[in-house]
Amino acid sequence: MNDQISTRLAAVRQKMTEWQVDGLLITSPANYRWLSGFTGSACTLLVTAERAFLGTDFRYWEQARQQAPHFELVKMGRTADLTSLPQMIQQAGVNVVGVEGNQMSIIQFRELENKLQNDEKADPVALEPLKETVEVLRHIKSTAELDAIRRAAAITDWAMSQVNEIVRPGISERAVAWELEKMMRERGADGMAFEVIVASGPNAALAHHRPSERPIQAGDSIVVDMGARLNGYHSDLTRSFYVGAEPDEQFQKVYGLVLEAQTAALEGIRAGLTGKQADALARDVITAAGHADDFGHSLGHGVGLYIHEGPNLSVLNEEALPVGAVVTVEPGVYLPNWGGVRIEDLVLITETGIEFLSHCPKEPVIRY
Ligand code: ZN
Ligand code: ZN
């Protein structure tokens, strides 16, 4: 039996008291995987103070038995249509069931609510949409989770270190992206954390540019942003480059500023700062240099079972960063018609500051 699952169930049950629900319905993949161990594509968990149910369809009955021994298996017809759900909830004997407000559709919510309220043979059950559920607990990573993230980060580091071997004037962004993807797969990645971003020249001004057929040219700035997926976990890394032996003045200025902003953040981030305070560490440097409007995204995000999850390093996050969270630190400056620079590292928040999970050097000049 996996003890980690017992610990997680206990933590969720404690939260349920806080949320004032006596049942919790979980249907989002990262949340049900984290809470039960089940990795299939269709699943509904129902957790009560005493019991834990896992509903899935025929395809997964055996897998669910093996992966989620802490849960009582409920054999569902088709998982998506919610028909067996009211029965599962009534069987659990609960009064108020919390649902993932960011996950369940309005149609599903109303349908389920109707059935639970209007069944004459059973006591009515209320549904409570919750803004956050299990994902808050996922912010703090376990040793096993950190191990998967570290391995994904090492694969990404290695591929990034090959960029200066791959990039030559004339090669297209798409060709570079494909080489990098192949390298990560060959080194053991299950897949990409997201589509590899290679943005060259003026395209580098677009923070989430998709690789195009544009041939890379001497004098370009290039932003490469990529990550590997391993065992369900992700990594995320960005480096920026200049193609040619002598970076021009504009590149040196922008690169120097972004690096200075990132260094300030990496040196200042520690547990207890709010996401907003962490964001300000880098943003203040960029604002002081007159580029406030050219840094239009937040400083960073959590990484785990999702490539983008909490906690966010963002002006919108007033919560304190916990020890054990894995976040990116990725300031950028983007100038329309010229290009852009972003530098991103993956770090673990520790008792004393941060620990780097990415170890790729920052060597921006591609000599060819
Ligand atoms: Zn990234
Ligand atoms: Zn990122």
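Me: Which residues are the protein donors of the zinc ion (ligand 1)?
Reply: In this predicted model, the donor atoms lie 2.1 to 2.5 Å from the zinc ion (ligand 1). They are carboxylate-type positions labelled OD or OE, with Asp-225 listed twice. Along the chain the donors follow the spacing D-x10-D-x107-E, and the residues concerned are Asp-225, Asp-236 and Glu-344.

Me: Why is the arrangement around the zinc ion (ligand 1) irregular?
Reply: Four donors count as tetrahedral if all angles lie between 85 and 135 degrees. The 4 donor atoms around the zinc ion (ligand 1) do not meet this, because they subtend angles of 55 to 146 degrees.

Me: Where in the chain do Asp-225 and Glu-344 lie?
Reply: Both Asp-225 and Glu-344 are buried. The pair links distant parts of the chain, 119 residues apart: Asp-225 belongs to strand 9 (residues 221–226), whereas Glu-344 sits in the loop between strand 17 (339–342) and strand 18 (345–349).

Me: Which residue coordinates both the zinc ion (ligand 2) and the zinc ion (ligand 1)?
Reply: The zinc ion (ligand 2) is coordinated at 2.1 to 2.2 Å by Asp-236 (OD), His-301 (NE2), Glu-330 (OE) and Glu-344 (OE). The two zinc ions are 3.1 Å apart, and the residue given as bridging them is Asp-236.

Me: Are His-301 and Glu-330 buried or exposed?
Reply: Buried means under 20% relative accessible area. His-301 has a relative accessible area of 7%, and Glu-330 stands at 9%, so His-301 and Glu-330 both count as buried.

Key. Residues numbered from 1 in each chain as written. Chains lettered and ligands numbered in written order. Predicted model: local features only at pLDDT ≥ 70, side-chain atom pairs only at ≥ 80, totals over all residues. Heavy atoms only, no water. Donors = N, O, S within 2.8 Å, 3.2 Å for Na, K, Ca; no water. Buried < 20%, exposed > 50% of the residue type's maximum accessible area, 1.4 Å probe, protein only. Tetrahedral: all angles 85-135°; square planar, octahedral: opposite > 155°, others 65-115°. Helix = DSSP H or I, 4+ residues; strand = E, 2+ residues; numbered from the N terminus.
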